[in-house]
Each structure stands twice: as C-alpha cells, then as structure tokens.
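Me: I am new to protein structures and would like a close look at one part of this one: its buried interior. Please take me through it slowly, and point out how the pieces around it fit together.

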Amino acid sequence: MARNLILSARTSNDIDSRVERVLRGLGNPEPPLRLEDVRELLKLDLAFYTSDDPGLAREAISRIRVAAVQVYRRPALILDAVKKFSLKALYLPDRKRIMLDSAVPLLKHRWNEAHEIGHSLIPWHQDMMHGDNENTVSRDCAEQIETEANFAAGRLLFLRDRFVNEARSSPACLQSIIDLKNTYGNTLSTTLYRFVESVGQETPVVGLMTCHPHVDRRPINFDPASPCRHLIQSHAFHARFSRITEVELFNAVSSYCGRQKGGLLGERELILTDDNGDSHRFFFETFFNRYDALTLGVYLGAEALMVPVSA
C-alpha cells in the first residue's frame, strides 16, 4: 500500500514556483493542459518503447538511475534496465528525453509523462539521476524524490491553484471529482488524489484506491493485510487520524459496498476514532470504474458523547 507522503512547505513552495514559471511561459492556459506544449517549451523529447523494441535495444546510456539508485556504472542498454526494473516510464537527462512504455494503457500515459516532466523541472533530481555516487540511496530518500515528482505533476496537470479553488468551491463529493476530471482531462484516480489534498487542508478528508470492496468481487490475489493500493490523507486527516490503519478503513468501506460491476457501490456515515480516542462522524462514498474502487471520506463533525443520567 502506498500512503501519500506530506512534503514540507519549503519543498512544496520551491517545486510550485518552478511549475508556475512553466505555466506562465505557456500564457496560463485553460484546461485541459496540452503536454505537447509543455515539452516544446522545455525542449523535451518524447519517445515510446516496448520490451521487444529493436530501436530501444540499440540505445545506450552511460548512467541511469531508477528510484534514485544508480543501476549501471558503464554504458548499458536501456532495454536491460527496462526489463530488470519493470519500468513504465523514465527520463534521460543527458538527452532531455522522456520515454513511456507503450504497453501501459493510454489513459495512464498522461500522468506518467507529467511525472517525468516533474523530474526534469527539479534540479536536485538531475544530480540524483546522473551523479557519480555509486552508493544506494535510502528507500526513504527514493520515496521522497518520487513524491516530489508526483507533486510537480499534480500542480502542472491541475494548473496549480486554479484546480484548488474550483475544488474548494465545489461540494465535497464524488460527483465533484467526476466533473473536475472531465474539465481537466485527467484520470479519475489522479483527480481524487488532488481533490483530497486540495480540500483537506483544514477539514479531515481521506481517499482510498482499492480493488472492488465486496467480498464476492475481490481478486484471487487479494491480500486482506494490505487491501489498499493507495491511502490518500489530507493534511488535516494526517494530523488527527494518523493511527487509523488501511485495514480498518477498508473493512469499514466494505461494510456498505454492493457487488455492482460498476458505478456507485454505496455510501454511508461512518464513525472514526482520532489519535486522542475521540469519535468523529464521516460521510463515505465509493465508486467503481471497473479497474479501481475509489472512495472519498469527508469529515462531518464530532460524535456526540452520550452521558447516562441517573434518575
């Protein structure tokens, strides 16, 4: 399960300022953002590969890093790295080239490309990607770097504060996420991610990406100890409900979901316990897009404490 990391204000502001310069250079465009315009502005090349692509097999690079780990110390075929690490996309800083796996569903190309553009915008990522340090970077550092690239991609694809303002002025519900997904041309999953982070600065909001929650629809390889693909916590949720586990949340969501093949699976008010042991009421709803179940949970208020009164 991937739990979203919370970046420091300093790092977020630094990355956001770089995204702002890109969007300003494009004349602050209307949604949906055209990534080909971004590549042209940044002078980035885009190429596609497959595991049996002979053109890719002939390409060689002197250094490549995957998740901030230097893979090779001498020239090696890109194809070897793609196969060994099951890469879906990569950025070659020496050539300013973004490479995408053509076998990945087309809907995911947009996010993968924006993620690699994010790497290209952040100068300290260039040092990590083709520096000369042969030591393996820690896993925490690698996760930090990927989170930073994701943040840059999100701020770029959702046009920085334009999406934030629209999200905050919309009802906090799945229908708003669907509407914003159509406006910005991004996937429902990435829109859910940005929506939770945008509306949940002061109000606790949580999002889940899972398999179908109904017991009859779960895949054969379902792991009840790790049921969530992604657990998305807003700043306010993380600050007050950090002890809640993904298993607890998934089981609560499963309690109201039907076995429909697609669309809205169900909705319900649920009680969650905060880090101080106090009870709070949330409104949860879950939608299945035939690939992932997307759940949004929004804070309603503190649960009233019932105190018995003796006669």
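Reply: Happy to. Let's begin with a word we will need throughout: a residue is called buried when its relative accessible area is under 20%. Keep in mind that what you see is a predicted model. By that cut-off, buried residues make up 48% of the 311 residues in the protein. The chain forms 12 helices and 13 strands, and we will visit just some of them.

Start at helix H2, residues 35-42. Its buried residues are Leu35, Val38, Arg39 and Leu42. Looking down the axis of H2, you would find these buried residues within an arc of 100°, so they line one face of the helix. Just after H2 comes Lys43, which has a positive phi, near 60°.

Now step back to the loop between helix H1 (9-25) and H2, where you will find Leu33. Leu33 is buried, with a relative accessible area of 3%. What does Leu33 touch, leaving aside its neighbours within four places in sequence? Its contacts are Leu23, Leu26, Val38, Arg110, Leu156, Leu157 and Leu159. One of these partners shows nicely how the chain folds back: Leu33 and Leu159 are 126 residues apart along the chain, yet their C-alpha atoms are separated by 7.7 Å. Links across long stretches of sequence turn up elsewhere too. Among contacts between residues at least 6 apart in sequence, 62% join residues at least 24 apart.

From here we can move into the core itself. In soluble globular proteins, nonpolar side chains tend to be buried together. The largest nonpolar core here has 42 residues, and the members that touch the most others are Val38, Ile117, Leu156, Leu192, Phe195 and Leu296. Helix H10 (residues 188-199) contributes the most to this core, giving 6 residues. Where does this core lie with respect to domain 1 (9-158) and domain 2 (161-302)? Both domains give residues to this core, so it lies between them.

Let's zoom in on one of those well-connected members. With its neighbours within four places in sequence left out, Leu156 is in contact with Val19, Val22, Leu23, Leu33, Leu35, Val38 and Ile117. You have already met Leu33 in its loop, and Leu35 and Val38 among the buried residues of H2. There is also a second, separate core of 22 residues, and it includes Phe250, Phe282, Phe288 and Ala293.

Phe250 leads us to helix H12 (residues 246-254), whose buried residues are Glu246, Leu249, Phe250, Val253 and Ser254. They fall within an arc of 135° when seen down the axis of H12, so they too line one face of their helix. What do the buried residues of H12 pack against? They pack against E9, strand E10 (228-233), strand E11 (263-273), E12 and E13.

Strand E13 (residues 293-302) deserves a pause, with 8 of its 10 residues buried. Strands of a sheet pair through backbone hydrogen bonds, either parallel or antiparallel. E13 pairs in the antiparallel sense with strand E9 (residues 205-210), over 6 bridges, and Met209 has Leu294 as its bridge partner in E13. With strand E12 (residues 279-288), E13 also pairs in the antiparallel sense, over 9 bridges; here Arg281 is matched with Gly301 in E13. The hairpin of E12 and E13 has 4 residues between the strands, and Arg290 takes a positive phi near 80° there.

Finally, look at another sheet, an open one of 3 strands in the order E2-E8-E7 with mixed pairing. Its edge strands are E2 (45-49) and E7 (89-92), each pairing on one side only. On average, neighbouring strands of this sheet are turned by 20° against each other, direction ignored. E2 and strand E8 (residues 97-101) pair in the parallel sense over 5 bridges, and Ala47 stands opposite Met99 in E8. Is Tyr49, in strand E2, buried or exposed? Tyr49 counts as buried, at 1% relative accessibility. The C-alpha atoms of Tyr49 and Leu100 are separated by 6.2 Å, although the two residues are 51 residues apart along the chain. Helix H5 (residues 106-121) lies across E2, E7 and E8, and runs at about 150° to E8.

Definitions and conventions. Residues are numbered from 1 along each chain as its sequence is written. This is a predicted model: local features need pLDDT of at least 70, side-chain atom pairs count only at pLDDT 80 or more; totals for chains, interfaces and linings use all residues. Side-chain values use heavy atoms; hydrogens and water are left out. Buried means under 20% relative accessible area, exposed over 50%, partly exposed in between (1.4 Å probe, protein chains only). Helices (H or I, at least four residues) and strands (E, at least two) are DSSP runs, numbered from the N terminus. Two strands pair if DSSP finds at least two bridges between them. The arc is that of the directions from the helix axis to the C-beta atoms. A nonpolar core is a set of buried Ala, Val, Leu, Ile, Met, Phe, Trp, Tyr and Cys residues joined through side-chain atoms within 4.5 Å. Domain bounds come from an automatic or database domain assignment. Contact means heavy atoms within 4.5 Å. Axes are lines fitted to C-alpha atoms, for helices over the stretch in contact, and angles run from 0 to 180 degrees between N-to-C directions.
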